[in-house]
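Biologist: I would like to learn how to read a model of this kind, beginning with the way its chains are related. Could you take me through the features step by step?

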Protein chains: 2
Amino acid sequence: MKTRFVKGAETRLRIIRVAADLFHKQGARSTSPDQVIEASRTGKGQFYHYFKSKEGLVHEVLHTYLDEIKNGASPVNYEINSWKDLEKWFLAHVELQKHYEMTRGCPFGTMGNEVTESDELIRQDVSLIFEVIKNKLAAFFMKEKAKGRLVKKPDEEELADFCIATIQGAMLLGKIKRDSRPVETAVRQGMIHLRRFAVLPGR
Amino acid sequence: MKTRFVKGAETRLRIIRVAADLFHKQGARSTSPDQVIEASRTGKGQFYHYFKSKEGLVHEVLHTYLDEIKNGASPVNYEINSWKDLEKWFLAHVELQKHYEMTRGCPFGTMGNEVTESDELIRQDVSLIFEVIKNKLAAFFMKEKAKGRLVKKPDEEELADFCIATIQGAMLLGKIKRDSRPVETAVRQGMIHLRRFAVLPGR
DNA sequence: GCATGTTTGTACTAAAAGGTACAGAAGAAA
DNA sequence: TTTCTTCTGTACCTTTTAGTACAAACATGC
């Protein structure tokens with residue numbers, strides 16, 4: 001039956017949402033289970049009933065992010081179909097960061113940056129998120145090429161990696177300087193570079 | 001006298017070096033004083049004699065990095081006088097990362113990413129490092145402009161921030177994917193973009 | 001209503017993090 | 001040689017972290 005075990009699923013989701021926010025705010029490493037438990041108004045029993053360990057929770061948070069990206073439930077739109085969409089993709093990151101008054105970086109970048117050699121599973125989770133994002137960006141460049149509106153020279157995956165590196169570096173700089181200007185200028189330069197590969201119509 | 005209190009200064013420096021390496025490897029947040037003490041073969045007494053707290057040590061590590069950048073003692077050369085130097089600057093980061101088998105990011109970026117709102121002093125330390133690097137890069141663009149070999153349009157600080165964002169994002173991606181290829185492609189695209197602002201001689 | 005599985009609350013615990021206290025060795029200054 | 005400061009080692013301490021144990025409440029199927 002569909003309505004079975006609904007209460008538990010809600011508690012589980014509540015914990016994941018609260019944890020995701022804390023991880024974004026201060027990193028997974030410096031967030032304790034107790035903090036998540038208090039912020040989500042649950043108890044130890046519930047926490048360890050739904051997640052086998054703190055690492056398990058981190059994994060589930062990342063998996064939830066991945067699902068949201070895949071099914072379009074993310075605050076950022078990854079379905080790029082035009083240069084305008086690509087620009088919006090960049091600017092959505094800047095707006096997200098501004099919303100938190102430049103005190104946070106990218107949720108995925110923040111969590112990816114704190115992985116060590118002993119967090120191989122978590123590293124793979126973050127890596128997969130960036131792989132999916134790269135493919136979504138690369139799909140746009142591919143389509144533009146198919147329409148003869150983009151030069152063939154740089155591989156579409158190369159352009160996609162450039163997009164991701166630019167936004168990640170920009171957001172990191174923005175968080176460190178607590179200033180949106182370096183983010184905006186880096187994004188602007190990134191877009192200028194990308195646009196140059198476009199084949200201008202009637203020219 | 002110059003040779004006074006030499007032994008202590010050596011111990012202090014040994015702790016800072018070991019700490020810098022551990023912070024680079026696994027982040028400052030997940031490095032405990034005990035780990036630094038053991039790896040530097042010192043004791044609690046020495047640690048808290050030279051540093052008032054763990055935060056104090058983090059501050060000193062960052063200050064040491066800053067000094068190295070300022071007086072050219074860093075493994076990366078920040079004195080850029082040609083496009084070739086700029087390319088070397090980018091590639092030095094890639095080589096550094098490859099040396100650690102793509103398990104680490106940028107030392108400064110790693111530490112900058114883990115700051116939270118309660119680490120304001122540490123945030124300022126990292127911010128200052130990036131500010132100094134930006135100025136060194138901007139100085140090169142400025143000189144090129146003065147010689148009429150660079151278009152005036154983008155502000156030199158804007159170009160410098162673009163350089164830093166590109167290398168930071170690239171290194172983060174490299175660490176997360178444990179792969180040097182995205183780093184190399186992002187750096188290549190970054191250089192292509194920057195070179196376009198150069199005024200070609202006799203053309 | 002009873003058996004079964006799910007969900008939640010409370011108490012406890014071992015280890016680690018981050019220090020403090022303080023004694024004593026070692027080096028320079030007088 | 002004594003005196004002062006610097007340097008080093010050990011023992012101890014409190015709080016936090018990341019859990020475990022286990023009972024009780026609740027829901028569901030029959």
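Modeller: Let us begin with the symmetry, keeping in mind that this is a predicted model. A turn of 180 degrees, together with a shift of 0.0 Å along the axis, lays chain A on chain B with an RMSD of 0.0 Å. That is the relation of a two-fold axis.

Biologist: Which residue of chain A comes closest to the rotation axis?

Modeller: That residue is A:Gly169, whose C-alpha lies 1.9 Å from the axis.

Biologist: How should I read the interface, and how many residues of each chain are in contact?

Modeller: The size of an interface is often given as the accessible area lost when the parts come together. Here we can look at the contacts instead, where 37 residues of chain A are in contact with 37 residues of chain B. On the side of chain A that touches chain B, at least two residues each come from helix H6 (107-113), helix H7 (120-146), helix H8 (156-177) and helix H9 (181-195), and H8(A) gives the most, with 14 residues. By character, the residues on this side of chain A divide into 13 nonpolar, 17 polar and 7 charged.

Biologist: Do the copies meet through the same surface or through different ones?

Modeller: They meet through the same surface, because 100% of the interface residues of chain A are also interface residues in chain B.

Biologist: What is the secondary structure of chain A?

Modeller: Chain A has 9 helices and 0 strands, and its C-alpha atoms fill a box of roughly 65 × 45 × 30 Å along the principal axes. Buried residues make up 40% of the 203 residues in chain A. Among the contacts in chain A with a separation of 6 or more, 61% join residues 24 or more positions apart.

Biologist: How do I read the packing of two helices, for instance H4 and H7 of chain B?

Modeller: Two packed helices are described by the angle between their axes and the distance between the axes. Helix H4 (residues 54-70) of chain B packs against helix H7 (residues 120-146) of chain B at an angle of about 10 degrees, and their axes are 10 Å apart. H4(B) and H7(B) are therefore roughly parallel to each other.

Biologist: Which residues meet in this contact between H4(B) and H7(B)?

Modeller: On the H4(B) side they include B:Val58, B:Leu62, B:Leu66 and B:Ile69, while those of H7(B) include B:Leu121, B:Asp125, B:Ile129 and B:Val132. The residues of the contact of H4(B) with H7(B) divide into 12 nonpolar, 2 polar and 3 charged.

Terms used:
Residues are numbered from 1 along each chain as its sequence is written. Chains are lettered from A and ligands numbered from 1 in the order in which they are written. This is a predicted model: local features need pLDDT of at least 70, side-chain atom pairs count only at pLDDT 80 or more; totals for chains, interfaces and linings use all residues. Axes are lines fitted to C-alpha atoms, for helices over the stretch in contact, and angles run from 0 to 180 degrees between N-to-C directions. Helices (H or I, at least four residues) and strands (E, at least two) are DSSP runs, numbered from the N terminus. Angles under 35 degrees count as roughly parallel, over 145 as roughly antiparallel, 65 to 115 as roughly perpendicular and the rest as oblique. Two residues are in contact if their C-beta atoms, placed from the backbone, lie within 7 Å. Ala, Val, Leu, Ile, Met, Phe, Trp, Tyr, Cys and Pro count as nonpolar, Asp, Glu, Lys and Arg as charged, and the others, Gly among them, as polar. Copies are superposed by least squares on the C-alpha atoms of residues with pLDDT of at least 70 in both. A residue is buried if 20 or more other C-beta atoms lie within 10 Å of its own, exposed if 12 or fewer, and partly exposed in between; C-beta atoms are placed from the backbone.
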